[in-house]
Structures are given as C-alpha cells and as structure tokens.
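Q: Please take a close look at one part of this protein, the nonpolar patch on its surface, and explain what it is made of and where it sits.

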Amino acid sequence: MTTANKTPPGADPKQLERTGTVREIGSQAVWSLSSCKPGFGVDQLRDDNLETYWQSDGSQPHLVNIQFRRKTTVKTLCIYADYKSDESYTPSKISVRVGNNFHNLQEIRDGTFPCGLL
C-alpha cells in the first residue's frame, strides 16, 4: 500500500483504502515464496480472507519476495499475523529489505513478535 501521509498504527488498511487514504499496489508486483505447502501459497497469502494463509514448507528463513516491474515507492506495508490463533505459524521476526535486485537488498526495518510490530 502507498500513502501520502503517515498511516496511524493499528489502522484498518481496507478502511483506509475505501476512504482513499491508501492505495493497494500489490497487484502490480510479482510475488514468490521460498516454499509453501500445497494450497497455502501466494493466492492464500493475498486473498483478503483472514481464514486462509501462507504456510511454508522448508528450512528457514522463510521468504516472501515482492518484485515490482519498475521502480516503485512503497510508503506503508501492512502485514496481518494472528499470534493468538496459531503461535506456531506466526513469525517471531520479520525483516523488510529493499533493493534494485535480489543480490543488493538492504534491511530497512525489522520487528519481533508478538509485541514488537514493524
């Protein structure tokens, strides 16, 4: 999602999109995963259904790669993780990295869960 103003913590991204405060741009990107179990891939990660999810199926680290076809400014990244529903599949740390290609990524943000949100 992108936004011209700072998005308040805990704000509902769908509500912000409806009011024109943010614009969802994930559909402009190519998404890939380091691994996934059948039926728990990119489509479930992006389907806006809180009952479906991505489930990795390989060794760590588990990665979600989002590649835009052209240089794109992203001001807000929204991630939904439900620690209370299933702590064993909720990430304990998330790292956000940016770059011009996979080989020059620089970490710009990180956070630990369940209490330290990005």
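A: Helices (H or I, at least four residues) and strands (E, at least two) are DSSP runs, numbered from the N terminus. This is a predicted model, in which local features need pLDDT of at least 70, side-chain atom pairs count only at pLDDT 80 or more, and totals for chains, interfaces and linings use all residues. Residues are numbered from 1 along each chain as its sequence is written, and side-chain values use heavy atoms, with hydrogens and water left out.

Ile79 lies in the loop that runs between strand E4 (64–68) and strand E5 (93–98). With a relative accessible area of 45%, Ile79 is partly exposed, because that term covers values between buried (under 20%) and exposed (over 50%), with a 1.4 Å probe and protein chains only.

Together with Leu45, Val64, Ile66 and Leu77, Ile79 makes a nonpolar surface patch of about 370 Å². Patches are made of residues with over 30% relative accessible area and no salt bridge (a side-chain nitrogen of Lys or Arg within 4 Å of a carboxyl oxygen of Asp or Glu). Like charges are joined within 9 Å, and nonpolar side chains (Val, Leu, Ile, Met, Phe, Trp, Tyr) within 5 Å. Accessible areas come from the Shrake-Rupley method with a 1.4 Å probe, and for residues only the protein chains shown count as cover.

As for the setting, the protein has 2 helices and 6 strands, in the order β-α-β-β-α-β-β-β along the sequence. The protein exposes about 9,100 Å², of which carbon and sulfur atoms supply 49%. Of its 118 residues, 16% count as buried.
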